[in-house]
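The exercises below ask you to read two interfaces from a model, one step at a time. Try each task before you turn to its solution.

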Amino acid sequence: MVGEVVKRVLAIVFILIIGFWMAKALDQVPFGQDRMLVGKYYLEHVEEETGAVNAVTAVVVNYRGFDTLGEVTVLFITSTGVAALLWRKKRKRTAKTEGSVVLTTGARLLLPFIMLFGAYIFIHGHLTPGGGFPGGATIATAFLFLYLAFTVYEIDHKILEPLEGLTGVGYVIVGLTGLAIGGYFLFDWIWQTWGIGKENIGRLLSAGFIPIIYTLIGIKVGTELTGIVDNMIKEPEEGGQ
Amino acid sequence: MSQYASLLIALPLFGAFFIPILKRISKSAVMPFLVLVTLIQTGIAAWVFSEVYITGKPIIIMAGGFRPPVGINLYIGHFATLFVLVIAVTSLLMTIFSFKAVSVEPKDNYAMLFLLLMLGATGMISTGDIFNLFVFMEITAISAYALTAYNKTGEASEAALKYIVLGGIGSSFFLVGVALIYGSLGTLNMAHIAQLAHLISPTVAKAGLALLIFGLAVEAEQFPLNAWAPDAYQEAPHPVTAMFSSFVVKASLYAMSRVIYILSAVEGWSSILRLLIILGTLTVILGEMSALRQSNVKRMFAYSSIAQVGLIAVGLALGTKSGVSASVFHMFNHAIVKLLMFLAVGYVALELGGTEINKFEGLGKRMPVSAFAITVGAISIIGIPLFNVFWSKMQLILAALNAQYTWIVALILGASLVEATYYIRLIHTIWFKGEGEKVKESSMLALVMLLLVALIIVIGIYPEPFWNVMQKAGSDIFNVAQYIKNVPLMEVNP
Amino acid sequence: MNPYYFASIALILIGLYAILAKRSVLKMLVGLSIMETGVNLLLISVGYVSGRSAPILSEGITPDRAVDPIPQALVLTAIVIGVATTAMALSVVINLYDRYKTLNVEEIRRLRG
């Protein structure tokens with residue numbers, strides 16, 4: 001009992017020391033001041049170099065596209081890892097209570113709209129806030145809805161996994177095409193070499209390969225999150241291990 | 001032409017994403033595909049290695065075609081290319097071992113995680129941007145979490161949970177450090193930060209650097225954040241443990257050293273270094289003391305590995321050129337030796353059903369090649385002349401004397417003494433105790449083990465050419481002015 | 001100490017306390033999640049410039065009236081990584097519960113021997 005209290009007191013003291021140091025350091029980074037260095041360059045050149053009006057999207061996909069490739073990989077690792085850890089020889093859904101009438105009817109009605117909204121988010125990533133990740137998450141929410149409403153609904157992994165892999169391969173191929181055409185990995189060849197859409201800044205058909213990449217990412221994230229939900233919801237069949 | 005080195009990153013990614021598609025075509029093609037990908041990666045790494053060492057200039061890959069700091073750049077200098085080669089070769093050898101060693105399903109997911117672990121470590125050492133370093137660190141970490149828990153036993157799950165919690169704390173601290181440094185300077189590019197480092201105020205610099213080091217210390221297995229390591233090493237599949245010990249921890253140590261030397265222009269730098277030396281020393285002492293008490297051989301090797309990694313951290317934190325070069329040499333030697341030892345121990349565990357020390361009695365008669373491999377590995381870690389680690393430990397001692405830290409010399413010698421105690425105890429058990437029937441050993445694995453033994457002895461007898469390479473790699477990290485000059489920074493002043 | 005910095009540090013410390021002091025595995029994971037949220041909040045706050053608006057360059061927002069876009073891109077990535085860690089941790093917890101039938105860290109340590 002005493003050991004418990006001592007442990008907690010030590011934890012609190014340790015935490016307060018860390019908090020004190022962080023606060024002291026943050027005093028030297030004043031809030032709200034303009035300290036942009038590379039950020040300013042991005043804001044001034046984003047329209048001519050990438051064609052997007054959403055500077056954050058341009059940073060995510062174009063200027064720092066390597067990070068986004070890494071992020072997509074992280075989600076892929078999670079999807080694979082969850083599948084590996086929760087793998088059993090035979091698994092099925094064990095929920096017994098069907099959703100209420102409101103839930104089942106609502107799910108059926110809303111499904112196409114949710115998916116449309118998700119697609120809208122990632123297709124317009126270069127014009128409005130959002131992009132591939134929120135779009136994909138919205139699409140996964142549509143499927144989660146179906147899982148919650150119906151006790152027998154499940155997604156076929158045989159379609160899901162190759163789709164994930166295919167979109168990932170697509171992203172790498174876009175990068176490699178940049179290497180082949182423009183000489184650099186992840187070079188935006190559509191905007192910079194071919195110049196498609198240069199007259200369209202601010203409208204849908206512009207911004208080089210940003211819509212393409214975001215579409216790929218949107219589909220990938222949607223299928224991955226759905227796969228994770230599916231893996232977590234199922235339980236091993238009785239007797240099967 | 002040199003931008004094609006970006007295939008080092010694109011290839012494993014392509015391979016990993018392709019496996020789900022390949023699985024639909026033919027399930028049994030997945031593991032051979034893994035061998036193919038690692039083989040091609042080794043080829044590309046060897047080509048890059050020859051390019052960099054022959055021309056002497058690092059390869060700078062500009063992702064997206066934007067010059068740094070506007071775009072992200074990869075800096076493949078002497079150090080990075082050396083270790084990318086080490087990572088590729090280690091992965092290739094471990095894929096061969098995985099055929100036998102991994103029998104828990106689902107194997108295709110194992111293959112994907114394996115490739116991504118390799119990719120993460122390769123990215124960590126090639127990157128030139130601190131947030132990119134964070135992303136690759138997380139790729140490595142999350143693959144490691146999944147691979148640790150892969151065997152799905154209760155112990156593996158507990159080990160993985162400890163790893164995840166500590167890793168999560170570490171990466172959060174790392175991000176706070178990035179926030180502080182970005183808030184002060186406005187850039188994320190390593191060379192740009194090095195150029196502007198003198199502008200950071202001392203409080204922010206000390207806190208930021210300390211947080212970055214703390215964040216990396218989890219993966220780099222330094223005290224006190226290495227509580228996850230012995231369990232994870234013990235419970236992970238055997239090829240995975242070998243990969244953890246040979247390159248995952250080294251990638252984090254490299255990242256730590258890169259971050260430390262980039263910020264070398266800030267005030268209070270030497271006090272942070274002193275903190276790191278103390279932590280490294282504690283890592284060594286606690287590692288050796290714990291190894292002494294183990295009865296499970298794999299766990300004993302894990303503690304010994306942690307102690308060596310502590311020594312590397314101490315060498316890096318000395319703050320001198322000879323310290324860095326000595327640590328790099330030790331990283332290289334230790335990678336080879338631990339690869340051999342974990343391979344042999346894993347193989348013994350597979351054939352004889354466990355890694356308790358009583359299973360090793362009479363190993364000399366039952367599995368002579370594996371026993372020979374373990375013996376050579378053990379002798380070299382102690383630091384006996386004619387084997388590779390002798391030279392790197394000697395360089396560490398010389399560097400410590402140069403930097404006037406005589407107690408570190410005592411630490412190295414004392415650690416070697418303790419190692420001698422438990423390793424000789426193991427060797428005695430293997431060769432002089434117990435009897436047994438001879439077990440047929442796979443000729444493929446025996447070949448791999450003998451090749452590694454040969455490499456250890458070759459480095460032990462002719463260290464000069466290797467030491468030259470290590471010194472160039474060391475100056476890659478230490479000589480920050482040259483690093484800044486090599487990166488084609490663009491002017492972004494508003 | 002303005003409210004945003006204060007809130008982010010508070011979140012980080014609360015999360016850290018939950019990880020160190022709680023005994024249920026799920027509460028530790030919630031603490032980890034809170035800590036990561038605090039860090040994301042800190043990153044965005046560092047990029048804010050007073051009186052400026054979102055970095056989307058249309059409808060009268062010129063480059064000198066926009067906030068820093070970089071921290072927002074960083075946080076996008078960090079959020080996804082946080083989700084990934086949580087998902088992985090939860091599957092490990094599912095396996096842990098399957099074997100040990102308890103979510104109490106001390107119990108698990110005891111059962112492991």
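**Exercise 1.** How many residue pairs are in polar contact between chain B and chain A?

*Solution.* Keep in mind that this is a predicted model. Begin with the count itself, which between chain B and chain A comes to 11 residue pairs in polar contact, with both residues at pLDDT 80 or more. Next, ask which elements of chain B take part: α1 (7-25), α4 (107-126), α5, α6, α7 (190-196) and α8 (202-219) each supply at least two residues of the side that touches chain A. Of these, α1(B) gives the largest share, 12 residues. Finally, sort that side of chain B by class, and you will find 42 nonpolar, 16 polar and 5 charged residues.

**Exercise 2.** Describe the extent of the contact between chain B and chain A, and find a salt bridge in it.

*Solution.* First take the residues, where 63 of chain B are in contact with 54 of chain A. Then turn to the area buried between the two chains, which is about 5000 Å², with carbon and sulfur atoms giving 77% of it. Within the area that chain B buries against chain A, 13% is supplied by Phe17(B), Phe66(B) and Val70(B), more than by any other three residues. As for charged partners, the rule finds 2 salt bridges across this interface. The side chains of Arg64(A) and Asp129(B) meet in a salt bridge, with a distance from N to O of 2.7 Å; this pair counts because the limit for such a bridge is 4 Å.

**Exercise 3.** Now work through the interface of chain B and chain C, and state which element of chain B gives the largest share of the side that touches chain C.

*Solution.* Start once more with the residues: the contact takes 30 from chain B and 32 from chain C. The area buried between these chains is about 2800 Å², and carbon and sulfur atoms give 79% of it. Glu158(B), Leu161(B) and Tyr182(B) together supply 21% of the area that chain B buries against chain C, more than any other three residues. Moving on to polar features, the count of salt bridges between chain B and chain C is 0, while 2 residue pairs are found in polar contact, both at pLDDT 80 or more. The elements of chain B that give two or more residues to this side are α5 (130-148) and α6 (154-185), and the largest share, 17 residues, comes from α6(B). By class, the side of chain B that touches chain C has 18 nonpolar, 6 polar and 6 charged residues.

How values were computed
Residues numbered from 1 in each chain as written. Chains lettered and ligands numbered in written order. Predicted model: local features only at pLDDT ≥ 70, side-chain atom pairs only at ≥ 80, totals over all residues. Heavy atoms only, no water. Contact = heavy atoms within 4.5 Å. Buried area = accessible area lost by both parts, 1.4 Å probe. Polar contact = N/O pair within 3.5 Å; in protein donor to acceptor, adjacent residues only side chain to side chain. Helix = DSSP H or I, 4+ residues; strand = E, 2+ residues; numbered from the N terminus. Nonpolar A, V, L, I, M, F, W, Y, C, P; charged D, E, K, R; others polar.
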